[in-house]
Amino acid sequence: MKIRRCAVLYMESREKLSIDWRTVLAGGSALAATTQWLALAPHLDQELPVTAEELAALGGLSHTVWTTRAEAEQRYGEATIASLLKQGLLIGDTTEHADAQARDDTLRATHWRPLSALTHTFGRWREVSSDNGMEAPSFQALLEMFGEPPPPTLDLPAEGALKLPAVRSGLLDEQLFKRYTGRNFDLQASIPLAVAARLLQRTFGAQEVRMVGPHASVLKKTSPSGGGLHPVEAFVLAQRVDGVTPGLYHYHPIEHELRPVRTMDSATAAELAKQMLADQHWLADAPLQVVMVARMERSFWKYRNHQKAYRALALDTGHLSQTFYLLAAEAGLPAFVTAAINDVDIEQELGLDHLRHAVVAICGCGPARGGVRSMVELRYGETDAL
Ligand SMILES: Cc1cc2nc3c(=O)[nH]c(=O)nc-3n(C[C@H](O)[C@H](O)[C@H](O)COP(=O)(O)O)c2cc1C
């Protein structure tokens, strides 16, 4: 049997602090620190404590060149190698270790930058609830907790500053000034299908398909995209869109159609919205929501092992959400965007592999209750969780 180390591995030294009363009584330092090595490997998607012997083996074995198990056991001991194989930190070439090998192979084939794979994997949420204290404190409470914030802007010396001319009004002004984050969606209201269609097509739809090879094409959209690759896909959660059965759909940007992933009754869709949005009930009532999912395989096809590729995916998603906000404003609807979402639960719902597809953010929109901004929106408008 041959073995090698998994492709991406980060060792973190964590410490637990406690008060050592015996030392305190003897006149020594009150704080005692216990340190532990944790292995963070994106293909395993969990933190694993490792021993000093295991750490030495992980540091000594190649993640590229295969070595025989016997040779590794000779260097690091049978028990150490067996334990690392069992955890999936070492990859074996036999069927017994096929699962870990398949996950490791997916990671290698996707061309992740190792640090980006770690950031992505270990930044995801599972079953997080805003009831666990995530709800944003008021600006007043923040001031009490943290004191004065840094000023709202950089203030370089004004000497030699060029005063700019007064601003003329322009075509975009109406949408720009009407745009705001809604947190007061009307549970009785729905979105007409024509409005939803325009929102989706003008934000996520292909305005043009350009052939760049016999079988390769790129899309032109209304937002910019790193490398012109448009790796961000739109999955729609329709709660109350006229003529659409509640459920999850993929919006096809070329065919301009909603392809069902799973339809459901309204109550289930409402529950799902809350779960996806980490119980942010002030957003979950929005009748139309879009989960933005980046396809790493499309982006990293060009940006292989690239330092900036992961950042570009977040930027692409941000551009799409602003376009969505402006189109919603045009339709007289407040909108929202949030990254405070349960990515892992969404992956399971949509059947996505986090190594190939990154759930980045959710945006949504709908009519405001009573047609006006509520006090909570005004409060959140001043300060927010994210
Ligand atoms: C990246 C990003 C993440 C956000 N996350 C949340 C969120 O988790 N919950 C929420 O209610 N609003 C969220 N917002 C909305 C902001 O709080 C909002 O834009 C800000 O308060 C300014 O208000 P305005 O959009 O009405 O101008 C987010 C906005 C951005 C751009």
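So, let's start with His120 and the residues around it. This is a predicted model, by the way. If we skip the neighbours within four places in sequence, His120 is in contact with Trp112, Met296, Tyr310, His354, His357 and Ala358. Where does His120 sit? It's found in helix α6, which covers residues 114–122. And is His120 buried or exposed? Its relative accessibility is 3%, and the cut-off for buried is under 20%, so His120 counts as buried.

Okay, now let's follow helix α6 outwards. The helix lies across three strands, β2, β3 and β4, and runs at about 110 degrees to β3. Those strands make up an open sheet, in the order β2-β3-β4, with antiparallel pairing. Which strands stand at the edges? They're β2, residues 10–19, and β4, residues 46–50. Each has a single partner strand, so one side of each is left without a neighbour in the sheet. The twist averages 40 degrees from one strand to the next.

Zoom in on one pairing here. Strand β3, residues 31–41, pairs with β4 in the antiparallel sense, and there are 5 bridges between them. If you want a spot to look for on screen, try Ala39: its bridge partner in β4 is Leu48. One thing to keep in mind while you look: in a regular strand, side chains alternate between the two faces of the sheet.

Next, a second open sheet. This one has 3 strands in the order β5-β1-β6, again with antiparallel pairing. The edges belong to β5 (67–68) and β6 (90–92); each of them has a single partner strand, so one side of each has no neighbour in the sheet. Strand β1, residues 2–5, runs antiparallel to β5, and 2 bridges join them. Lys2, for instance, stands opposite Thr68 in β5.

What packs on this sheet? Helix α4, residues 78–87, does, touching β1 and β6, and its direction makes about 85 degrees with that of β6. Then there's helix α5, residues 98–109, which lies across β1 and β6 and runs at about 110 degrees to β6.

Let's jump further along the chain, to strand β12, residues 288–295. How many of its 8 residues are buried? The count is 7, so to speak a mostly covered strand. We can look at two of its pairings. With strand β9, residues 232–238, β12 pairs in the antiparallel sense over 7 bridges, and there you'll find Ala234 opposite Met292 in β12. With strand β14, residues 357–365, β12 pairs in the antiparallel sense over 8 bridges. On that side, Gln289 stands opposite Gly364 in β14. And remember His357, one of the contacts of His120? Strand β14 covers residues 357–365.

Last bit: let's zoom out to the chain as a whole. Its secondary structure comes to 15 helices and 14 strands. The C-alpha atoms fill a box of roughly 75 × 70 × 55 Å along the principal axes. Out of 386 residues, 42% are buried. Among contacts with a separation of 6 or more, 73% are between residues 24 or more positions apart. The chain exposes about 21000 Å², and carbon and sulfur atoms supply 55% of that. As for charges, there are 38 positive and 45 negative ones, with mean positions 6 Å apart.

How values were computed: Residues numbered from 1 in each chain as written. Predicted model: local features only at pLDDT ≥ 70, side-chain atom pairs only at ≥ 80, totals over all residues. Heavy atoms only, no water. Pairing = 2+ DSSP bridges. Helix = DSSP H or I, 4+ residues; strand = E, 2+ residues; numbered from the N terminus. Contact = heavy atoms within 4.5 Å. Axes fitted to C-alpha atoms, helices over the stretch in contact; angles between N-to-C directions. Buried < 20%, exposed > 50% of the residue type's maximum accessible area, 1.4 Å probe, protein only. Areas by Shrake-Rupley, 256 points an atom, 1.4 Å probe, with all protein chains shown as cover. Lys, Arg positive; Asp, Glu negative; His and termini not counted. Charge placed at Lys NZ, Arg CZ, Asp CG, Glu CD.
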